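Visitor: Could we go through this one together? I'd like to begin with a helix and then move on to the strands.

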Amino acid sequence: VESVVARVTEENVRELVAGADIVIDAVDNFRGKFALNQAALDLGIPLVYGALSGSYGLTMLILPGETACLCCVFCQEPDVGSSETAATAGVIGPTVGSVASLQVAQALKFLVGARDALVKDLMQLDVWDGEWNFIPAPRRSDCAACGYLGGSPR
């Protein structure tokens with residue numbers, strides 16, 4: 001395990017993730033998340049996406065060429081001020097712990113080869129309301145990041 005504390009940018013993202021077996025996303029901004037998604041796709045490295053705001057969290061496993069990528073689900077930053085973010089709403093500790101635990105569980109399952117146990121849906125949770133949702137996230141053939149033509153990944 002190699003922890004890296006750095007601002008993820010389009011300029012440094014490939015260097016940061018090159019050679020990794022899997023990447024766990026703990027980036028706190030959309031631009032960095034999209035750069036991480038594209039680098040993981042280009043390098044063929046699995047990525048475990050995660051996002052937090054208040055008591056709400058999301059996570060999704062991205063297997064390049066096999067599952068939906070981040071851009072298949074949402075490919076544009078929301079307009080500034082259109083939704084709460086961790087910066088505007090804060091984050092409560094149980095949300096962080098829950099999403100991080102789910103991300104690590106996905107990574108461990110992948111690393112030990114337990115592919116049948118992998119969750120390939122977008123997992124959505126609200127620890128305050130006690131809600132859990134599993135949202136199907138199919139690959140999109142018109143995805144700007146991972147779209148495919150004739151069944152072949154771009």
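**The helix and its surroundings**

Guide: In this predicted model, the buried residues of α2 are Gly32, Lys33, Phe34, Ala35, Leu36, Asn37, Ala39, Ala40 and Leu41.

Visitor: What covers the buried residues of α2?

Guide: The cover includes the helices α1 (13-17) and α3 (70-73), together with the strands β1, β2 and β3.

Visitor: Does its length add up? I mean, how far apart are the end C-alpha atoms of α2?

Guide: They are 20 Å apart, and this agrees with expectation because the 14 residues of α2 (residues 30-43), at 1.5 Å a residue, should span 20 Å.

Visitor: And which residue caps the N-terminal end of α2?

Guide: Asn29 does so, with a side-chain oxygen that lies 3.3 Å from the backbone nitrogen of Arg31, while after the helix comes Gly44, whose phi is positive, near 70 degrees.

Visitor: Switching to strands: how many residues of β2 are buried?

Guide: Six of the seven residues in β2 (residues 47-53) are buried, so the strand is mostly covered, by the cut-off of under 20% relative accessible area.

Visitor: Parallel or antiparallel, how do β2 and β3 run?

Guide: They run antiparallel, with seven bridges joining β2 to β3 (residues 56-62), and Leu52 has Gly57 in β3 as its bridge partner. The two strands form a hairpin with two residues between them, and Gly54 in the turn has a positive phi of about 60 degrees.

Visitor: In which sense do β1 and β2 pair?

Guide: Strand β1 (residues 23-24) pairs with β2 in the parallel sense, over two bridges, and Ile24 stands opposite Val48 in β2.

Terms used. Residues numbered from 1 in each chain as written. Predicted model: local features only at pLDDT ≥ 70, side-chain atom pairs only at ≥ 80, totals over all residues. Heavy atoms only, no water. Buried < 20%, exposed > 50% of the residue type's maximum accessible area, 1.4 Å probe, protein only. Helix = DSSP H or I, 4+ residues; strand = E, 2+ residues; numbered from the N terminus. Pairing = 2+ DSSP bridges. Expected span 1.5 Å × (residues − 1). Contact = heavy atoms within 4.5 Å. Polar contact = N/O pair within 3.5 Å; in protein donor to acceptor, adjacent residues only side chain to side chain.
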